[in-house]
Amino acid sequence: MQPRKGLSALLGFVLALAAGGTAWAQQTIKIAYTDPLSGPFAQVGDANLKQMQYIIDFINAKGGALGKKFELVPFDNKSQPSDALIALKSATDQNMPFIMQCSGSNIAAALIEAVNKHNDRNPDNRIIYLNCGAVAPELTNEQCSFWHFRFDLHAAMKAEVMVRALPKDITKVYLINQDYLFGQSVQREVKNYLTKLRPDVQVVGDELIPLGKIKDFSPYITKIKASGAQALLTGNWGPDMNLLIKAGVDAGADLRYYTFYAHLAGGPTAIGAGGDNRVLAVMPFNENVAPEIGNAEAEAFARGFREKHKFDFSSAGFRTIFEYLQAAINKAGSLDPTKIAYAMEGLSHKDFLGFDSTMRKDDHQIVSVYFVGVFKKGVKYDAEGTGLGWGTAATVLAKDIDQPNSCKMKRPKM
Amino acid sequence: MEVFVVSLLNGLVYGMLLFMLASGLTLILSMMGVLNFAHASAYMLGAYFAFTISQHIGFWPALVIAPLLCGLIGAAIEMWGLRRVHRNGHVAELLFTFGLALIIEKVVQMTWGLLPVPYRIPELLDFPLFTIYGTHFPAYRAFMLLVSALMFGAIWLGLTRTRIGLIIQAALTHPEMASALGHNVPRIFTLVFAAGTALAGLAGVIGGNYQVTEPAMAFTMGPIVFVVVVFGGLGSLTGCFIASILMGLIQTFAVVFDVSLADLLARFGFVVTKETPFAEVLTVTLPRIGALLPFLMMVLILVFRPRGLMGTRDT
Amino acid sequence: MSAPAIELRQVRKSFGQTEIIRGVDLVIPRGERHAIIGPNGAGKTTLFNLISGRFPITSGTIAVNGRSTAGLAPQEINRLGLSRSFQITSIFPRMTVFENLRCGLLWSQGYRYSFWHLLGRQKTLNRAAEALLERLKLGDRRNLPAGLLSYAEQRALEIGITIAGGADIILLDEPTAGMSHSETESAVALIRSVSEGKTLLMVEHDMSVVFGLADRITVLVYGEVIASDAPAAIRGNAAVQEAYLGTVAA
Amino acid sequence: MSAFRRHWIWLLALAVLLAFPFLFYDWTKGRHSGFVLTLMSEIGVMAIFALSYNMLMGQAGLLSFGHAVLFGLGAYCAAHVVNLVKAGTIWLPTELVPLAGGLGGMFFGYVLGWLVTKQRATAFAMITMGLGELVSAAALMFMGFFGGEGGISIDRVMDTSLLGVAYTSPWQVYCLVLAWAFIAAALMQLQTQTPLGRIANATRDNFERAQFVGYDPRMVRLLQFTLSGFFAGVGGGLYVLIYEIVTFDTVSAAKSANALLAVYIGGAGGFFGPILGTIVVVLLQSGVSLLSNAWLLYVGVLFIVMVMYAPGGLIGLIFMHAPIWRIGRLRELTVPYLKALPAALLILAGFVMLVELASFTTIGAAQGKKLAIAGAVIDTGSPLPWLVAAGALGLGILWMRFAARGFRARWDALIEDARRQGVMS
């Protein structure tokens, strides 16, 4: 009985593919969004998708751009560059003007290369790549591209934010990073800015760990304690960060954890109450910023998501991306990616919290306000129902992190 | 010294957790020849069951109920799935468990969501048991040691003092002999598979809150368990035990020694610079590859001694 | 070329504490049909496994065609000109009968591990395989997977694979075990014809086969040779009768 | 003429494969669908990869968990070669880049094979698994050869084409993939008919016997592994040309698993099985994953159903019909098949709907998506759709049981007839 079943499924596919290929009509402004939506890293893409959907609904309610609404089309890339490239092909087949991706600099690098080549080879069918979270500094320096816009600070800038937020009484730090491109650049940049901005700080330990392989971080904690470090600086994400902090808290280590990603979905749950006033993260947004600065409108916007999804709105900063898009499309007066890209570069914008930001013209890197949040009790909005939430420990304004770049941008003819 | 003692303790805790997972797989792999890719999934299920149960009736009942549930699921899988697949060969069995692992992962995602769940250590055990050189040793870790030691004792007694245990032991070393002796092999298989799954579930119950309970936990734990089982040798629980502890200690101590091949060569007056061929490989430090050492050791032992550490027959 | 086909000197083999072969001396000259008999557990098959290199010996020396086999792998001993069959049928069950025989021929025809010869085009090889097929009377089973053959056919195929490579020393381990009377008869005829001009060493329980085929018989009891002589002399040997034939008769 | 008669099936396949992308040709814009072409190129590459895996698993009975290592290393080699060509250091036609990958794969096949082929069976499987883990970890650690996380990217447009093709469009690349896929498939097919290929079968069936006909099974494994590495590397070289980047996921365990799944689902040992399996696996991964959030669940269920009911793979299912076809009575199965079809569809629909409902109540709803069938939004919270789905599934199973009885009777009768006529033995 089997062959028929398989065959009908197969037929179903082919039909579905065919339908998918032709049924699109250009009534909305489509943004292909590709991130892992299945497999071990599904939580990343899933959380992003939810929050972006909310933001898009909000932007569309305010009129979209050129009278058209934005529409997000998700593609699962399973954390594999090849699947991201297949998603790019689908997007260009359907003449989508944008492809967006947040997670993984390897995928980002592949996308930049592929978008460059595609746009060169198909001048009539170009696409813009919106980078919402791949932070390897190379992407807007050596590898910079006219078609790539990065809406998150890159690792070097985040490292600077982290170093700037380091309290004066901390003089001994320990570095742990994941052993791959991103971790290595965090390692390099943090050390770089420590020597530049805080020569008094001594790096007592500096380690790379294999990505996602360590199940018990206790030995590292032992080593860190033995080194006499007061703070642990890490770019780790996912289980490598959760388990690291958990092990430290369990061992009762008197440490502060400066992280890049403790605020992302899943982090607060994993850290738990033991992380009170110990865990800090550099972040573009947290839900307590608005009440802290008394911006009722922004607070209401963020609260809306919480009420709808019973979940934190840690990435409300994505709103900036869509506001930039809205502004650039309206400015270009067209949906032609080339025109939009020209309109977008150099654009300045006051974000919904009221801070200034700029999409730098020379490297397409956003320069925006950044916060250092501390995980603590007694904040207005807690994180993931833990009772603890992110309070702002430091605010670094855009003008303070306007780092130089080495980008030599090649621009196409209009 | 300080680092040494603390690392030793931590290595033991991790090793024992590994053993709890690996012991079940050793039984299954040695007796049934099934490369059970869903074993780590049972570990994950154990953790999630325990999380849900402990939310309603507390951690202590969960400690008993969750492994039992896993065992029941294991028995069901064996009776209605694996047994059918068995006659299609080992590759079929392996793919069966592989498919099962995919399904379990998705079902877990659909039931408990994609994010980690707040499965916490019971308050009764949430205190530092003692402080050694300024580092707390959490009581929960001691509890983990205790549970796994008890379990080791229970398995050992079960295998050496009961009739069924003796049959299983015989079947471990000579799987083809058991049926010749007239025993009800299918029932023994079901029993072993269920017991193995229950052990993995128990590991999940006590490991889920020591680590993080999330849908990816099976995926990350899977390969290392195979390594332990194969390294220890098929058909040998003792080998499995030694391998588990060894792997726990190795991973812990690899972190402590910050050396690389280049340092070693420097001792002999050979200085590695950036221009040296393979400089990148030579300058990798031990902590960076600590987590990979088990795999390296498994490859080497299999190449030179295919029966593993204490195996009774070739892998 | 005066060296004997097989020469065993003080060969011993132990598995753990148990010594299975206890100092066997045996010389088999070229061209002889030689049978090894003995009660169950005497170590006959073990002796075969030692000669063919399946197990390493514990002490002593074995020489095949005058060359010591110490440290040689089974395939290397095979290449010295010694080929063996197995007590429990050992063929390639998922390949066709023809392929089975051709595999037996490949090495001796010098193909080694070639991946550039297309077998379909090797006329000499294929003709040799066909000839063998006819000789084994398996012609009408040519394209059947060997695993589907009847038991007697599989035994014949086993002998076919063994002799395919043209080895001048052939070891047959109970070639007629489990066969009916008529099947045994044709097997004996087959063995007689294939061992023409070669050295044959066989283990056999069926005494009519042994006494019908062998030029000389060695009696192995508990890992020791208690007699090695012409069939007639063995028949009359008192020690043999007591240790072996006697127990059978009783 | 006789050559044509013997090889017409290959020519037909080539023609169909060349024509197929035109079904998705966008006539208004005058261009091919990049997605379809990439997907089909992917299938071509993965088919080579699966066939090379079949050289190990099907032909030599070696279960490898790390075959992607050879694929990926071949791809890295090819990428470096392309970059050297681009830099003008060496000269190589674009068309021969896969050959560079193949030689790379062959080299690593020999070097790594020297280690792994010391053992067979489970030990072999475990060694390959360990090696796979080590290589994929190394791919992230060592920047020099692997380029770290970012991988090695290339530009396939290098003006060294022998045919004067620029390889700017996916269509041109697809044609190249097709050509290489046919060459590689033909070579692998021929390899099965060489002494090594046959002896590999022999060691699979009975490695000890192979020793006693003069062959060293280890040597057979090593050579087979090396050759398999060559073809995997050819696939890797093509992969580089399609995606113009090679990253660490090409050596990952997931990629190795894909080969194993494709070969098993299609049917190991034979030649068309792995190809068929590849098509199913790639469509599942790149096609269904676009349609459904729960695609991994479907993959899991498919595997379980396959190993439980069709251990011979898809090709095995098809070949089951061969005796009936040979007696010319295949047509008589049409009606029983048609009778079972609605039941199967009902089961499928009920099952898919249940899964999707569950998926939408949990994950989908959280993402703000709505389950819509034919435009009508379905409320996953109300009991009605659940009842309908469960009802369809239950009814389908009952119906299937009923239909299966009739089908089996017919089937048994036909097979019995075939046996009588002597087409089965």
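**Close-ups of a predicted four-chain model**

**View 1. Val209 of chain C sits in a short stretch of helix: C:V209 is part of helix α7 of chain C, which covers residues 207–213.** Keep in mind that everything here comes from a predicted model. Is C:V209 buried or exposed? C:V209 has 21 other C-beta atoms within 10 Å, and a residue counts as buried at 20 or more, so C:V209 is buried. Now look for its partners, skipping anything within four places in sequence: C:V209 is in contact with C:T176, C:T184, C:V188 and C:E204. Take C:V188 from that group. C:V188 and C:V209 are 21 residues apart along the chain, yet their C-alpha atoms are separated by 6.9 Å.

**View 2. Staying in chain C, here is an open sheet built from 4 strands.** Read across the sheet and you meet the strands in the order β2-β1-β4-β5, with antiparallel pairing. Which strands are at the edges? They are β2 (18–28) and β5 (67–68) of chain C, and each of these pairs on one side only. Strand β1(C) has β2(C) and β4(C) as its neighbours in that order.

**View 3. Zoom in on the hairpin that β1(C) and β2(C) make together.** Strand β1 of chain C takes in residues 6–15, and its antiparallel pairing with β2(C) runs over 8 bridges. You can pick out some of the facing residues: C:R12 stands opposite C:R22, and C:F15 has C:T18 as its bridge partner in β2(C). How many residues lie between the two strands of the hairpin? There are 2. One to look for in the turn is C:G16, with a positive phi of about 65°.

**View 4. On its other pairing, β1(C) goes with β4(C), and a helix lies across the strands.** The pairing of β1(C) with β4(C) is antiparallel too, over 5 bridges. To find your place, look for C:E7, which stands opposite C:A63 in β4(C). Next comes helix α1 of chain C, made of residues 44–51. Helix α1(C) lies across β1, β2 and β4 (59–64) of chain C, and runs at about 65° to β2(C).

**View 5. Chain A has 13 helices and 15 strands.** Why call chain A as compact as a globular protein of its length? Its radius of gyration is 22 Å, close to the 22 Å that the globule rule gives for 414 residues, so the description fits. Along its principal axes, the C-alpha trace of chain A spans about 65 × 60 × 40 Å. Of the 414 residues in chain A, 62% are buried. Then there are the contacts with a separation of 6 or more: 71% of those in chain A join residues 24 or more positions apart.

**View 6. Chains A and D share the most contacts of the 4 pairs of chains in contact.** Where chains D and A meet, 49 residues come from chain D and 46 residues from chain A. Several helices of chain D give two or more residues to the side that touches chain A, including α2 (34–60), α5 (121–141), α11 (272–291) and α16 (383–420). Which element gives the largest share of that side of chain D? That's α15(D), with 8 residues. Sorted by type, the residues on the side of chain D that touches chain A are 29 nonpolar, 16 polar and 4 charged.

**View 7. Chain D itself is assigned two pieces, domain 1 (32–318) and domain 2 (323–420).** How far apart are their centres? The C-alpha centres of domain 1 and domain 2 of chain D lie 34 Å apart.

**View 8. Chain D also touches chain B, with 36 residues from chain B and 34 residues from chain D.** On the chain B side, the elements that each supply at least two residues are α3 (59–86), α4 (90–112), α9 (217–232), α12 (279–282) and α14 (293–304). The one that gives the most is α4(B), with 13 residues. By type, the side of chain B that touches chain D has 25 nonpolar, 5 polar and 6 charged residues.

**View 9. Finally, two pairs of chains that don't touch: A with C, and B with C.** No contact joins chain A and chain C, and their closest C-alpha atoms lie 25 Å apart. For chain B and chain C, the nearest C-alpha atoms are 14 Å apart.

Key:
Residues numbered from 1 in each chain as written. Chains lettered and ligands numbered in written order. Predicted model: local features only at pLDDT ≥ 70, side-chain atom pairs only at ≥ 80, totals over all residues. Pairing = 2+ DSSP bridges. Contact = placed C-beta atoms within 7 Å. Axes fitted to C-alpha atoms, helices over the stretch in contact; angles between N-to-C directions. Nonpolar A, V, L, I, M, F, W, Y, C, P; charged D, E, K, R; others polar. Domains from an automatic or database assignment. Buried ≥ 20, exposed ≤ 12 C-beta atoms within 10 Å, placed from the backbone. Rg over C-alpha atoms; globule rule 2.2 N^0.38 Å.
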